[in-house]
Structures are given as structure tokens and as C-alpha cells.
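User: I am new to reading protein models and would like a close look at a single part of this one. Please go slowly and explain each term when it comes up.

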Amino acid sequence: MLKKIKHITLIVSLFMSGILASTLKDIKYDPKGNGLMLSIEYSHPIPDDNIIGWKSDRNWLYITLLGVKHSNEIVPKSDPHNLIKELVIDSFDESVQIALLLTRKIHWYDIINSKNSSSAIVFIHTEMKNDLQ
């Protein structure tokens, strides 16, 4: 009997985790003179600890959203300002990773998660447009 309860508990928890997972809805970006403002929208709020970002020394910024699924309906829009060289969305079992390759050097970034509106804003600070040679 105890074995059956453990199996039922495991099945219910796996089922609920699939239902309650947030889904990536949209990615919008707004190029600025000193970088890029990236808006990430998902279906349900996620905790601050579930958004992880890191940058490489080759102008890539990686943002991982834990507990978020990707529906493959999001197609990255072209960047008329040519600040984004490449945008890749990878879906894993329990997370989504957004990778951005920029044409300008990334100095730093800030991630602001909104717990009430199911979205996050990422400010990517780059060299100024006039600093390019």
C-alpha cells in the first residue's frame, strides 16, 4: 500500500509540474545608444532565482529561465539596427536558454524580474554607438 502511495505521489507531482510550468510567450528588444533593452514575457510569474544570466568574452549573453518551457512559436524578429548578430532559443527538459550575440562589446547587464506581470527586462550595456571605430 505504501508503495502505491509513493507511485501516485510521484505521478501527481510530475503531472502538476508540467501543468504549472511557465511558457515563454514573447521576446522583444529595443536597441539604445548604449546597448539593448530586452523584454521577456512568459505565461506565469517565475521567482528571481529562476533567471540566470552570464556573458562570455565573445559578446554572447546567455539567459536561462528555469521552470519555463518554449512552445517553438516564437520566431526572433530581425534587428534593423544590426546590434543583434544572432539570437538563439534552446529548449531543455526544465528550462529555456536565450543566447544573444551582439555586434558591440558587452560591458555588463542587469536583469529585472517582474513578479506581478510575468515578464523580465534585461538591460544589456554595450559600448556607445559613437565609440565604434
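Analyst: What follows looks at one strand and then at its surroundings. This is a predicted model, in which local features need a pLDDT of at least 70 and side-chain atom pairs count only at pLDDT 80 or more, while totals for chains, interfaces and linings use all residues. Residues are numbered from 1 along each chain as its sequence is written, and side-chain values use heavy atoms, with hydrogens and water left out.

The part chosen is strand β4, residues 60–66, which includes Thr64; helices (H or I, at least four residues) and strands (E, at least two) are DSSP runs numbered from the N terminus. Confidence is given as pLDDT, the predictor's score for each residue from 0 to 100, and in this protein its mean is highest in β4, at 97, and lowest in helix α1 (residues 2–20), at 49. Over residues 9–19 pLDDT stays under 50, and where pLDDT is low, the predicted coordinates should not be read in detail. The protein as a whole averages 83, with 76% of the residues scoring at least 70.

Within β4, Thr64 counts as buried because its relative accessibility is 14%, where buried means under 20% relative accessible area, exposed over 50%, and partly exposed in between, using a 1.4 Å probe and protein chains only. Leaving aside neighbours within four places in sequence, Thr64 is in contact (heavy atoms within 4.5 Å) with Asn50, Ile51, Ile52, Ser95, Val96 and Gln97. With Gln97, the side chain of Thr64 also makes a polar contact of 3.3 Å; such a contact is a pair of N or O atoms within 3.5 Å, and within protein one must be able to donate a hydrogen and the other to accept it, while residues adjacent in sequence count only if both atoms are side-chain atoms.

Strand β4 also gives two or more residues to the largest nonpolar core, as do β1 (22–32), β2 (35–42), β6 (84–91), β7 (95–102) and β9 (119–126). A nonpolar core is a set of buried Ala, Val, Leu, Ile, Met, Phe, Trp, Tyr and Cys residues joined through side-chain atoms within 4.5 Å. This one has 26 residues, and those with the most contacts inside it are Leu24, Ile40, Ile63, Leu65 and Leu100. Beyond four places in sequence, the contacts of Leu100 include Trp60, Leu61 and Ile63.
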